[in-house]
Amino acid sequence: MTDLAAHSTSAVHSTLAAYSTSTGEAFQFWILGTVAVIGALCTVFMKKAVHSALCLAGTMIILAVFYLANGAYFLGIVQVVVYTGAIMMLFLFVVMLVGVTAADSLKETIKGQRWLALLCGLGFGILLCAGIGNASLSEFNGLAQANAGGNVEGLAALIFTKYVFAFEITGALLITAAVGAMVLTHRERTERAKTQREMAEERVREGKQLPPLPAPGVYARHNAVDIAGLLPDGTPSELTVIKTLRDRGQIRDVSHEAIKDLKALEQRSEDRLGREEEATK
């Protein structure tokens, strides 16, 4: 009788836990839910695509927190690693490759696409509201029963049995998005590529530097990239330093020191030659 009573009490407590919401859960839902909705709205209404992608990444992270709080540990980790960490980074790379800016042309290439998009969105909203309104939840299984065989096993059973069609549709949408991204980043060449001979002839006509540029530090006391090489007469050559350092003014001039050293060396050589001539006489 004692075991039966304990079992009945445990069943009652689990049933009450499945049908009730604690204060912490309610606080977490309203705070994080508000932030998630704000992030979703910012994703839609942000003018720059990069900002929209970042807002969407924040919304996905909040969804991962909801999954973890409800005991769906595998789904929460997948939400962070796959969606936020991989797919969102893919979106950002596509945005950078395509070069979407605020100066994009707003001219419609397909007539009536705005009205069509509005009707599709309205129809989807009506369908979603009808589905939520007709949903009937009379019983709750609770986390204990849902994760009885393990969270990963329970999730796999639902994906590949009850929701296999929705899972395949989602995969098809992701593949379509990847193909669309590749199509947008592809650029057809509109003119013939120049040959090596044609580029060399063009450089000769324009009077550019024909031979390779001299290396930094040539005929100098240092071989640093910010020190101009010296010509045989001791003057520095600007061609030995890259244009970025020249524009920044980050060039160290050691030509005066080098000239002084050369003069001192010549003086020592003359003195030594003079002493040797005197000794010979």
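## Aromatic cluster

Phe29, Trp30 and Phe66 come together as one aromatic cluster. The model is predicted. The count of aromatic pairs comes to three. In the pair of Phe29 and Trp30, the ring centres are 5.4 Å apart and the planes stand at 75°, so this pair is edge-to-face. The cut-off for that label is an angle over 60 degrees.

Phe29 also pairs with Phe66. Here the centres are 6.1 Å apart and the planes meet at 50°, so the pair is tilted. This contact links distant parts of the chain. Phe29 sits in helix α2 (residues 23-45), and Phe66 sits in helix α3 (residues 49-69). The two are 37 residues apart.

Exposure varies within the cluster. Phe66 is buried, at 16% relative accessible area. Phe29 is partly exposed, at 48%. Trp30 counts as exposed, at 58%.

## Cysteines

The structure has zero disulfides. Why are Cys42 and Cys55 not bonded? Their sulfurs are 4.6 Å apart, which is too far for a bond. A disulfide needs the two sulfur atoms within 2.5 Å. Cys55 is the cysteine whose sulfur is closest to that of Cys42. The reverse also holds: for Cys55, the nearest cysteine sulfur is that of Cys42.

Cys42 is partly exposed, with a relative accessible area of 24%.

## Salt bridges

The salt bridge count comes to four. One of them joins Arg192 to Glu198, with the closest N and O atoms 3.1 Å apart. Arg192 is exposed, at 59% relative accessibility. Its partner Glu198 is partly exposed, at 29%.

Another joins Glu202 and Lys194, at 2.9 Å from N to O. Lys194 is exposed, with a relative accessible area of 51%. Glu202 is partly exposed, at 24%.

## A bridge within helix α9

Glu201 and Arg197 form a salt bridge too, and their closest N and O atoms are 3.2 Å apart. Both residues lie in helix α9 (residues 196-206). How far apart are Glu201 and Arg197 in helix α9? They are four residues apart, which means a separation of about one helical turn.

Arg197 is exposed, with a relative accessible area of 63%. Glu201 is partly exposed, at 34%.

Methods. Residues numbered from 1 in each chain as written. Predicted model: local features only at pLDDT ≥ 70, side-chain atom pairs only at ≥ 80, totals over all residues. Heavy atoms only, no water. Phe/Tyr/Trp six-rings, centres within 6.5 Å; stacked < 30°, edge-to-face > 60°. Buried < 20%, exposed > 50% of the residue type's maximum accessible area, 1.4 Å probe, protein only. Salt bridge = Lys/Arg side-chain N within 4 Å of Asp/Glu carboxyl O.
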